[in-house]
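Thanks for agreeing to look through this one with me. Below are some numbered notes to help you find your way around, so keep the viewer open as you read.

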Amino acid sequence: MWPLLLLGLLALIGPRPAAFAMDALERSQLREEARDMFYHAYRAYMENAYPADELMPLSCKGRVRGQEPSRGDIDDSLGNFSLTLVDTLDTLAVLGDFEEFEHGVKLVIRDVTFDTDLVVSVFETNIRMLGGLLSAHILAEYFQQRAGIMSWYRGELLSMAKDLGFRLLPAFNTTTGIPHGRVNLRHGMRSLENLRETCTACAGTMVLEMAALSRLSGEPVFEEKAHRAMDVLWQMRHRSSDLMGTVLNIHSGDWVRRDSGVGAGIDSYYEYCLKAYILLGEEKYLGRFNRHYDAVMKYISQGPLLLDVLMHRPHTNSRNFMDALLAFWPGLQVLKGDIRPAVETHEMLYQVIQRHNLLPEAFTTDFQVHWGQHPLRPEFLESTYFLYRATQDPYYLQVGKHALQALQKYARVPCGYAAVKDVRTAAHEDRMDSFVLAETFKYLFLLFAEPADLVLDLDEFIFTTEAHLLPLSLSTSGNASAAQLNPSALKVAPPIEPTAQNGHDLDEPRTCPSTLHLFPESVRRPLKNMVNGMCPRRSHRRKLHAVQFQVSSFYLKCVACYFFQVTRKTDNLKVLTV
């Protein structure tokens with residue numbers, strides 16, 4: 001029945017514009033080019049950098065912390081624990097490379113240790129290392145049962161994840177329960193007690209990985225600590241605006257920076273509010289996300305723009321530029337089912353990319369470059385992938401093609417892919433972050449891949465903020481394993497009845513409108529040439545007023561309920577998952 005309904009919906013939407021069409025041959029060629037891009041970077045790392053944390057693609061050697069000049073806070077991601085390989089294992093699985101996945105798992109088990117006297121970022125170590133270990137463990141068991149490989153595997157990666165989790169726990173020993181931003185892997189908080197500040201995203205992006213670790217290992221302490229931190233953050237929101245600040249004092253609970261947006265310093269907190277509900281089945285997180293989301297759309301969203309405001313004075317903008325990390329937001333809106341503003345913001349970002357070749361690390365409200373760096377971030381491709389899955393609009397395949405070609409032209413070097421130091425000059429930086437392999441190339445490959453091309457049923461998983469795969473079965477068991485993954489996930493979700501919970505109206509993200517107006521082209525059309533119109537190729541600069549880009553009040557809610565493949569039900573509530 002549902003495949004027939006889907007065909008009917010597509011017929012109502014109407015044909016795709018011929019200008020955006022992509023035939024199967026071209027799509028498969030782009031998929032294979034994305035695969036080649038991954039292996040060009042992966043082999044460069046393995047042959048020239050491993051077991052170092054990262055590849056330095058211009059020097060063609062590994063970046064070992066303590067041996068290279070310090071780059072400041074950015075080096076806190078490095079722990080001399082083969083970061084890039086651990087972060088990349090599940091990308092090998094997504095690509096269907098069983099042999100290299102198994103080889104990588106063996107290397108990690110043999111070579112990686114956490115007993116080092118190094119101070120690392122709790123946030124980065126959690127999302128990259130802990131998330132990578134957990135995802136690889138889950139997939140190793142998955143392949144044991146479904147592909148008949150890795151019969152030797154006995155949960156070694158889970159044991160390593162547990163070891164790492166215990167090394168992160170001292171960071172949670174604060175007055176409020178909000179974790180410190182840094183921890184020493186060997187000595188805990190020794191000599192770090194005077195550090196008092198952390199960012200909202202740093203404290204609020206722990207719960208998926210920590211809860212997964214608890215439910216896989218049977219040790220509840222990890223999930224308990226992460227839930228407490230999320231509860232305290234919720235209590236710290238501004239009660240009038242429902243917005244969050246960016247930097248806080250972990251002991252007093254006072255805000256240090258009250259800027260509120262959806263980009264750097266706060267982004268993945270909002271993401272984990274929604275995904276904690278999806279993965280863990282705890283409805284309090286859905287209510288919190290909806291409150292925050294309504295506040296963001298009321299105060300921060302100004303047409304396609306997302307402009308920071310002051311949490312306590314939400315009608316006052318706090319800066320006149322946007323950063324590249326907010327490019328994840330349209331993808332999160334797709335997961336919620338709010339497609340129209342997702343299309344608008346994504347289109348604005350795409351036009352910025354077309355104007356500057358790559359997305360600069362920050363750009364002004366008149367679309368000039370504010371910070372010119374481009375470290376090959378994945379967020380724009382992430383949102384492109386989710387928009388394509390929700391709409392099946394071939395326009396987003398063309399967007400992905402443009403992004404692929406830009407990476408090949410401006411970032412590819414003989415030894416991997418190099419970050420761009422300034423999009424205006426295309427000068428390179430001797431840097432290839434682990435997320436390039438863990439996320440950027442993963443989303444690029446998945447954008448062009450058909451379901452039949454994949455060895456994994458992605459409907460059984462949710463992506464973490466680092467694009468690691470955690471199974472939806474974690475919500476139904478206190479000690480889940482790959483054996484509980486559902487082999488027959490639904491392909492199309494039926495319409496969802498509206499309901500209310502905890503006094504918050506949950507109608508909007510769950511009711512599907514008429515499909516006669518769902519095609520995103522009608523949303524993009526009014527924004528055509530928006531960036532070039534505001535950012536002409538001349539020295540005269542015209543100030544952008546957000547009111548110029550206010551959209552109509554008509555919202556297209558929950559398109560994704562017809563196109564996403566899975567729903568998960570908690571009592572009488574359902575939420576879209578991917």
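**Notes for a first look**

1. Let's begin at a loop: Pro-51 sits between α2 (24-48) and β1 (54-56). The peptide bond joining Tyr-50 to Pro-51 is cis, with omega at about 10°. That is worth a glance, because most peptide bonds are trans. Please keep in mind throughout that this is a predicted model.

2. Now for the overall picture. How many helices and strands does the chain have? Its secondary structure comes to 19 helices and 25 strands. The chain has 578 residues, and 66% of them are buried. If you take the contacts between residues at least 6 apart in sequence, 74% join residues at least 24 apart.

3. Next, please turn to a pair of helices, α9 (residues 221-236) and α11 (residues 283-300), whose axes come within 12 Å and cross at roughly 35°. The crossing of α9 and α11 is left-handed. On the α9 side, the contact is made by His-227, Met-230, Asp-231 and Trp-234, while α11 brings Lys-284, Tyr-285, Arg-288, Arg-291 and His-292. Sorted by character, the residues of this contact divide into 3 nonpolar, 2 polar and 4 charged.

4. Just ahead of that helix pair, have a look at Pro-220, which is placed in the loop between α8 (207-217) and α9. Pro-220 counts as partly exposed, at 46% relative accessibility. Its C-alpha atom is separated by 9.2 Å from that of Met-210, and these two residues are 10 apart along the chain.

5. Thr-465 deserves a stop of its own, since the UniProt record, an unreviewed entry, covers this residue with the annotation "binding site". You will find Thr-465 in the loop between β20 (461-463) and β21 (469-471). Is Thr-465 buried or exposed? Its relative accessible area is 16%, so Thr-465 is buried, the cut-off being under 20%. Leaving out residues up to four places away in sequence, Thr-465 touches Ile-127, Thr-205, Ser-268, Glu-271, Tyr-272 and Glu-439. With one of these, Glu-271, there is a polar contact between the two side chains at 2.9 Å.

6. Another buried residue to visit is Ser-260, with a relative accessible area of 0%. Ser-260 lies in strand β8 (residues 259-260). What does the side chain of Ser-260 reach at 2.7 Å? The partner is the backbone oxygen of Met-244. Apart from residues up to four places away in sequence, the neighbours that Ser-260 touches include Leu-243, Thr-246, Ile-266, Tyr-270, Ile-300 and Met-311.

7. Finally, two backbone details that you may like to check. Most residues other than glycine have a negative phi. Asn-357, however, has a positive phi near 80°. Asn-357 is found in the loop between α13 (339-356) and β14 (362-364), and at 30% relative accessibility Asn-357 counts as partly exposed. Ala-426 also has a positive phi, near 65°. The place of Ala-426 is the loop between β18 (419-422) and β19 (427-429), where Ala-426 is partly exposed with a relative accessible area of 29%.

Notes
Residues are numbered from 1 along each chain as its sequence is written. This is a predicted model: local features need pLDDT of at least 70, side-chain atom pairs count only at pLDDT 80 or more; totals for chains, interfaces and linings use all residues. Side-chain values use heavy atoms; hydrogens and water are left out. Axes are lines fitted to C-alpha atoms, for helices over the stretch in contact, and angles run from 0 to 180 degrees between N-to-C directions. Helices (H or I, at least four residues) and strands (E, at least two) are DSSP runs, numbered from the N terminus. A crossing is left-handed if the near helix is turned anticlockwise from the far one by less than a right angle, and right-handed if clockwise. Contact means heavy atoms within 4.5 Å. Ala, Val, Leu, Ile, Met, Phe, Trp, Tyr, Cys and Pro count as nonpolar, Asp, Glu, Lys and Arg as charged, and the others, Gly among them, as polar. UniProt positions are given in the numbering used here, feature names are shortened, and annotations may be inferred rather than shown by experiment. Buried means under 20% relative accessible area, exposed over 50%, partly exposed in between (1.4 Å probe, protein chains only). A polar contact is a pair of N or O atoms within 3.5 Å; within protein, one must be able to donate a hydrogen and the other to accept it, and residues adjacent in sequence count only if both atoms are side-chain atoms.
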